[in-house]
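User: I have a protein model open and don't know where to look. Can you show me how to read it?

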Amino acid sequence: GAGIAHVAAMSGFNVILTDISEEALSNGLSGIEANMRRGIKRLGKKLDKGAITQAEHDVQVANLSIQIDMALSNIQTSTDLAAHASAQLVVEAATENVELKNRIFQELSEKTPESTILCSNTSSISITAIAANTNRPDKVMGMHFMNPVPVMKLVELIRGLATSDETYDIVTSIAEKMGKTTVEGRDMPGFIVNRILMPYINEAAQALYEGIASVEDIDVAM
């Protein structure tokens, strides 16, 4: 969730970050700021290696610092989902627990306008089933970001049975504004990435079982 908030804020969106406690929110914000400022450290390494001049370094650091300060100012926090009452898009990124997600979407359905698009970052839970807990299944879809979100470019977009073309197009445009590459998968177990990943991991375990190679050599090879 923090990674999604990070990228959204850096892309110019106003963000309301919600979590279960003030401590969780504080930790999330600290992590976001630390990750944003890594870019400044990378510029320092470029300077040390002679890849950029001191003048270029100073200008780029100043520009990046301004971008970071603006992005951080774009983020508000709350422990109440009612804070999303004016949101146009909500992305849920809670633990992969069906009952929890159902409860969150039911509450979001009650506390946001019917025009608000509700997305889940789930990697495997049925979007159609999640949407059934809302009063707007046509405005619910999957928006699965790869981890770590600030680094990985891919976003899986998953339509539920009732997801409208308009909803899909809006979410696609938002993902692209965040600098992401999108792919569309069907609302089937695992979608695209995890559907392929699970047999891949299982085959690695089978190769170890058959004595084809050691754990270390399998990891290095793959």
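Analyst: We will go from the whole chain to one helix, then the cores, then a surface patch. Keep in mind that this is a predicted model.

User: Start with the whole chain. How many helices and strands are there in the chain?

Analyst: Count the elements before anything else. Here the chain has nine helices and seven strands. Its C-alpha atoms fill a box of roughly 55 × 55 × 35 Å along the principal axes.

User: What share of the 222 residues is buried?

Analyst: Buried means under 20% relative accessible area. In this chain, buried residues make up 37% of the 222. The chain exposes about 12,700 Å². Carbon and sulfur atoms supply 54% of that area.

User: How do I read contacts along the sequence?

Analyst: Look at how far apart the partners are in sequence. Take contacts between residues at least 6 apart: 65% of them join residues at least 24 apart.

User: Now one helix. Is H1 mostly covered or mostly open?

Analyst: Check each residue for burial, then ask what covers it. H1 (2-10) is mostly covered, with seven of its nine residues buried. These are Gly 3, Ile 4, Ala 5, His 6, Val 7, Ala 8 and Ala 9. The buried residues pack against helices H2 and H4 and strands E1, E2, E3 and E5. After H1 comes Gly 12, with a positive phi near 95°.

User: Which residues touch the most other members in the largest nonpolar core?

Analyst: A nonpolar core is a set of buried nonpolar residues joined through their side chains. The largest one has 30 residues, and Met 143, Phe 145, Leu 157 and Val 171 touch the most other members. Several elements each supply at least two residues, including H2, H4, E5, E6 and H7. H1 gives the most, with five residues.

User: What does Met 143 touch?

Analyst: Leave out residues up to four places away in sequence. Among the partners of Met 143 are Val 91, Cys 119, Val 155, Leu 157, Val 171 and Ile 174. Another core, of 14 residues, lies apart from the largest one. Its members include Ala 131, Val 140, Ile 158 and Phe 191.

User: Last, the surface. Which residues form a nonpolar patch there?

Analyst: Look for nonpolar residues that sit together on the outside. Leu 197, Met 198, Tyr 200, Ile 201 and Met 222 form such a patch, with about 490 Å² of accessible area together.

User: Where is Met 222, and why does it count as exposed?

Analyst: Met 222 lies in the segment after helix H9 (215-221). Exposed means over 50% relative accessible area. Met 222 has 63%, so it counts as exposed.

Technical notes
Residues numbered from 1 in each chain as written. Predicted model: local features only at pLDDT ≥ 70, side-chain atom pairs only at ≥ 80, totals over all residues. Heavy atoms only, no water. Patch = residues over 30% accessible without salt bridge, like charges linked within 9 Å, V, L, I, M, F, W, Y side chains within 5 Å. Areas by Shrake-Rupley, 256 points an atom, 1.4 Å probe, with all protein chains shown as cover. Salt bridge = Lys/Arg side-chain N within 4 Å of Asp/Glu carboxyl O. Helix = DSSP H or I, 4+ residues; strand = E, 2+ residues; numbered from the N terminus. Buried < 20%, exposed > 50% of the residue type's maximum accessible area, 1.4 Å probe, protein only. Core = buried A, V, L, I, M, F, W, Y, C linked by side-chain atoms within 4.5 Å. Contact = heavy atoms within 4.5 Å.
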